[in-house]
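Grab a pencil and let's work through a few short exercises together. Try each task yourself before you read its solution.

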Amino acid sequence: MFFPHPGESDAGDSRKECPSPWCDRNLLARCQRKWFNAVMSDHIYKKIELVGSSPNGIEDAINNAITRAGKTIRNMKWVEVAEVRGHLEDNKIADWQVTVKVGFTLDN
């Protein structure tokens, strides 16, 4: 992963890694690689799409989808909000509908 020095453009030869091991962009890249490897090492994820709804708001709609999925799906690890919409009645939002993608690890 490349992070330019402050004031440096990201075009041309500036993509070479800085020789200093303490350079901010090298340090950030190393930290991100370590984090990614620690979190993602040897995991295979399945991703499903759900739509939760709630008259009380977006967060409740997301939690309703996750709570219901948790009754039958094990090992859920992350959620990604894909879409937010509102169901209208009398020109007012009656229900929030949130499409989420949920990732979970597969059993061995």
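**Exercise 1.** How many aromatic pairs does the structure hold?

Solution. Keep in mind that this is a predicted model. The structure holds 1 aromatic pair. Its partners are Tyr45 and Trp78, whose rings sit 6.5 Å apart, centre to centre.

**Exercise 2.** Classify the pair of Tyr45 and Trp78 by the angle between the planes.

Solution. Start with the angle, which is 55 degrees. Next, recall the cut-offs: under 30 degrees is stacked and over 60 is edge-to-face, with the rest called tilted. The pair of Tyr45 and Trp78 is therefore tilted, given its 55 degrees.

**Exercise 3.** Which parts of the chain does the pair link?

Solution. First find Tyr45, in strand β1 (residues 45-54). Then find Trp78, in strand β2 (residues 76-89). The two residues are 33 residues apart, so the pair links distant parts of the chain. For the wider picture, the protein chain has 2 helices and 3 strands, running α-β-α-β-β from the N terminus on.

**Exercise 4.** Decide whether Tyr45 and Trp78 are buried, partly exposed or exposed.

Solution. Buried means under 20% relative accessible area, and exposed means over 50%. Tyr45 has 27%, so Tyr45 is partly exposed. Trp78 has 31%, so Trp78 is partly exposed too.

**Exercise 5.** What percentage of the residues of the protein chain count as buried?

Solution. The protein chain has 108 residues, and 20% of them count as buried. Turning to the surface, the protein chain exposes about 8200 Å², with 52% supplied by carbon and sulfur atoms.

Terms used:
Residues are numbered from 1 along each chain as its sequence is written. This is a predicted model: local features need pLDDT of at least 70, side-chain atom pairs count only at pLDDT 80 or more; totals for chains, interfaces and linings use all residues. Side-chain values use heavy atoms; hydrogens and water are left out. Rings of Phe, Tyr and Trp (its six-membered ring) pair if their centres lie within 6.5 Å; planes under 30 degrees apart count as stacked, over 60 as edge-to-face and the rest as tilted. Helices (H or I, at least four residues) and strands (E, at least two) are DSSP runs, numbered from the N terminus. Buried means under 20% relative accessible area, exposed over 50%, partly exposed in between (1.4 Å probe, protein chains only). Accessible areas come from the Shrake-Rupley method with a 1.4 Å probe; for residues, only the protein chains shown count as cover.
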